[in-house]
Number of protein chains: 2
Amino acid sequence: MASGSQKSQPVKFQAPKGTRDFYPDQMAVRRYIEGVWRKTSINHGFDEVEGPMFEHLDLYTHKSGPGIVSEIFQVFSGKDEEELAKIRGGAAAPYALRPEFTPTLARMVASKAAELPRPIKWFAIPQHFRAERPQRGRLREFVQWNVDFIGEESQRADAEVIATAIRALERLGLESKGITVKISNRDVIDDALRSAGVQTENIAAAMELLDKVEKLDRAEVQRRSQNMGLDITRFKDAIALKQTSANEAIAALEQARPLSVANGSLIDNQVISLISELGASGIVHWCEVDFSIVRGLAYYTGTVFEIIAEGERAVAGGGRYDKLIESFGGPSLPACGFGMGDVVLGNLLHDKGLLSEEHYLQDLRPDAFVIAADDEAAKHLPRIVADLRKQNFHVRHSYKTTRNVGKLLGDASKSRARNAVILGKELAENPPGIVIKNLQSGEQKELPLSSLPEELRIVQQQR
Amino acid sequence: MASGSQKSQPVKFQAPKGTRDFYPDQMAVRRYIEGVWRKTSINHGFDEVEGPMFEHLDLYTHKSGPGIVSEIFQVFSGKDEEELAKIRGGAAAPYALRPEFTPTLARMVASKAAELPRPIKWFAIPQHFRAERPQRGRLREFVQWNVDFIGEESQRADAEVIATAIRALERLGLESKGITVKISNRDVIDDALRSAGVQTENIAAAMELLDKVEKLDRAEVQRRSQNMGLDITRFKDAIALKQTSANEAIAALEQARPLSVANGSLIDNQVISLISELGASGIVHWCEVDFSIVRGLAYYTGTVFEIIAEGERAVAGGGRYDKLIESFGGPSLPACGFGMGDVVLGNLLHDKGLLSEEHYLQDLRPDAFVIAADDEAAKHLPRIVADLRKQNFHVRHSYKTTRNVGKLLGDASKSRARNAVILGKELAENPPGIVIKNLQSGEQKELPLSSLPEELRIVQQQR
């Protein structure tokens, strides 16, 4: 594209690659999903928070290292000559579009930790930005639901955030068939790595290897594990035994059998108490223990989990991050949470037929579509429409000059209004009247104008 | 700040200057205001849309000229070496954080103009970013409500967008006293400038002069107006007469007198028909014609307006922009709209005492705060809480291990719950019972556990 021109010659512009324009239907879908996220979070006792769209770049390098700089969008002020000179000299920009919410959350908690009531249960529905090549399930701008439970070390917190995620999926119409919460635990993996020969200094590298094991060829895995003293067969055997026992415990709770002591002796305390809490929350049938889940990010401690739908990328992922708040200058506070993006979830809902108009337009249907049947009635239309809107009704009308009632009733249906209100000769009666047609039932009747609000309220409650 | 460190040494970070952290109370206020904006827009027949947070920089220079580059935040991908090389070589970044919504709107309308049903009535509640020095009423990141009515050339459209703004202010508790919609018209000013001696080629410069006239000293105004042949006294006299007549027309409608022909002959058609439509919409008492309002932006045509609250910057501003869609490559489409930011409005509501908890927490009160009075009851608490949440109730509980009911009732009140639900020895009865305390009335009673959802629903409806 050419540089700017004040002459305003017609030019077609496009949205930046990997971003989205939300026209009314797409926006209604987005608000529908966000609405379920918000309502579910609030019902589970989480308070909404939000931070800036861009942060100091250092906030991200502090958490993830300098490698993150090439993965994010950098931001600078066009006003600040000094900033500009530094960037031209080779420095990174001072700000970055947020690629995730956790650093903002950690910063916000750290800076007011003393005055915030505990536990801190927060959710956010922010936009995020990643400078990567767009592909199915991955865009450069997306919306992500973040739910975080800070200041509670018991597995009750882990179970509550998982339950919050599951309840939202249920409300969106999804069922446990084909969707699994895969639960793992980094402490269990850590233990098994040590018992299979890995020394403390190699634990982080071993975790990284496990996270990538599916993507590497067998020889490479062999070479790397030998280098860190990891007996991978011994590791796999130990972890498989624990996994089987944990899944037996899940099966027991699913069938309303008590957890046996035999299970308890084999499984680590954290895992068994999480399973027990998931049982109490009524969602154990969504869950499966799978110790192949490691989650790449270095800051996870203890529980980690992913929600996996068949044939899709992970719908959500999260876990414990007990050391993170402290690393951002806050007090030592246990914490856990998850993120769920709108792109993979949207694809999943769409493929399952759960994004039809009856779902996302429910709250957007007009109460009335007002029609003027003659020119005299047309003079009264603006005042009647304004009065109804002032009483908080959703009211639409045609801006065409036609008085063809049949055609206008067609427009009313297209607007998905609950009722058509027809202004005609009845307006001249004493008291003035109108005709209302219930567009669901087809029933049509004459009413005094003054009874219209009451009638609209009755139809509202019928839905 | 030092560059990133993977060692995670504790560091205190701050939000970038001029941006905001929204902790739960601030976020509740923001969502309350946005909720009123959204509901009012929908009731007035507008559909919500959204675009990307950043756009191609050219989109803004196309509309506003190259000068805008120094007023905005520039964005580039850290991944793209070629982009980086260009910026280091002195070029502007390829993207910009959006400083306003209108260019995105114009781009979206232009690119789908053929398939969009007319009229196009859209609203959006996007964040915007300006690289300027923060001060009262102006931040570097803010939320702005945008309402746009495209494809309707009659003054009905102008009146509807103004009515939408006014109804939102009313719902937020504001009254017409001390708040005025100052209405002006660029065609009227254009005519008056021409009749006062300004030639076509100087009209734009004359508009700019009028927009800044309050900020310039008298000698400077004199010098500039002479240069463009503007007889400023003659201009002011002509415009004052029109303004008086228009405000007489407003007074007539306010007192339910008809508009006299005498008014009509003096005032331009656009202005008188807008006043008439404002009368039909029942908001004429909020309005005043003030031809000193010019609105700086070059793209306005016809009606322009500002909503002014005593002692504050403009709460909202807007007008017609009949040529803009075309200049972005779309068809010729008349259009009008306004923007209302959250910062000035928030200050105004706060100063008038309209942002107390009873306003913004209304939809965030828990239905129940559940208390375990003994250890046996505590075992049942997670399941009972999970069941209620599954039935869409907002339920909270204490994570402390205390069984001190008095203390826990205090926590329940602090959470602003409608009811406290006390689990105790009644759970062992047949059928299991609970004690519920209505925290508004203080009334306390025993109920079967199975009747709890019904009771919570009854109390919900009492608010």
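## Exposed, buried and in between

A residue counts as exposed when its relative accessible area is over 50%, as buried when that area is under 20%, and as partly exposed in between. Ala256(A) has 69% relative accessibility, so this residue counts as exposed. The structure is a predicted model.

Ala256(A) sits in a loop of chain A, between helix 9 (232-254) and helix 10 (261-266). Its backbone also stands out. Ala256(A) is not a glycine, yet its phi is positive, near 60°.

## Chain A as a whole

Chain A holds 17 helices and 17 strands. Its C-alpha atoms fill a box of roughly 95 × 70 × 45 Å along the principal axes. The radius of gyration of chain A is 29 Å. For a compact globule of 463 residues, a value near 23 Å would be expected.

Of the 463 residues in chain A, 56% count as buried. Contacts often link distant parts of the sequence. Take the contacts in chain A between residues at least 6 apart in sequence: 66% of them join residues at least 24 apart.

## Surface and charge

Chain A exposes about 19,800 Å². Carbon and sulfur atoms supply 48% of that area.

Chain A carries 60 positive and 63 negative charges. The mean positions of these two sets are 5 Å apart.

## A buried tryptophan

Trp145(A) belongs to strand 7 of chain A, which covers residues 141-150. Is this tryptophan buried or exposed? Its relative accessibility is 0%, so Trp145(A) counts as buried.

Which residues does Trp145(A) touch, once those up to four places away in sequence are set aside? From the early part of the numbering come Trp37(A) and Ser41(A). Phe123(A), Ala124(A) and Ile125(A) also touch Trp145(A). So do Thr164(A), Ala165(A) and Ala168(A). Phe338(A), Gly339(A) and Met340(A) complete the list. One of these partners, Ala124(A), is 21 residues from Trp145(A) along the chain, and their C-alpha atoms are separated by 5.9 Å.

## A helix largely enclosed

Helix 13 of chain A spans residues 342-351. Of its 10 residues, 8 are buried, so the helix is largely enclosed by the rest of the structure. The buried residues are Asp342(A), Val343(A), Val344(A), Leu345(A), Gly346(A), Asn347(A), Leu348(A) and Leu349(A).

Just after helix 13, Gly353(A) takes a positive phi of about 70°.

## A buried glutamine

Gln155(A) is part of helix 5 of chain A, residues 155-171. Its relative accessibility is 7%, so Gln155(A) counts as buried.

What is Gln155(A) in contact with, leaving aside neighbours within four places in sequence? Gln270(A), Ser273(A), Leu274(A) and Glu277(A) are among its partners. Thr303(A) and Arg320(A) are in contact with Gln155(A) as well.

## Backbone details in the loops

A cis peptide bond joins Arg118(A) to Pro119(A), with omega at about -10°. Pro119(A) lies in the loop between helix 4 (102-112) and strand 5 (120-124) of chain A. Chain B has a cis bond too, from Arg118(B) to Pro119(B), with omega near -10°. There, Pro119(B) is in the loop between helix 4 (102-112) and strand 5 (120-124) of chain B.

Arg416(A) is another residue to look at. Its phi is positive, about 65°, although Arg416(A) is not a glycine. The loop that holds Arg416(A) runs between helix 16 (405-414) and strand 15 (419-423) of chain A. At 31% relative accessibility, Arg416(A) counts as partly exposed.

## Cysteines without disulfides

How many disulfides does a search of the whole structure find? The count over all chains is 0. Cys336(A) is in no disulfide, and its nearest cysteine sulfur, in Cys287(A), is 14 Å away. A disulfide needs two cysteine sulfur atoms within 2.5 Å. Cys336(A) has 1% relative accessibility, so this cysteine counts as buried.

In chain B, Cys336(B) is in no disulfide. The nearest cysteine sulfur there belongs to Cys287(B), 14 Å away. Cys336(B) also has 1% relative accessibility and therefore counts as buried.

Notes:
Residues numbered from 1 in each chain as written. Chains lettered and ligands numbered in written order. Predicted model: local features only at pLDDT ≥ 70, side-chain atom pairs only at ≥ 80, totals over all residues. Heavy atoms only, no water. Buried < 20%, exposed > 50% of the residue type's maximum accessible area, 1.4 Å probe, protein only. Helix = DSSP H or I, 4+ residues; strand = E, 2+ residues; numbered from the N terminus. Rg over C-alpha atoms; globule rule 2.2 N^0.38 Å. Contact = heavy atoms within 4.5 Å. Areas by Shrake-Rupley, 256 points an atom, 1.4 Å probe, with all protein chains shown as cover. Lys, Arg positive; Asp, Glu negative; His and termini not counted. Charge placed at Lys NZ, Arg CZ, Asp CG, Glu CD.
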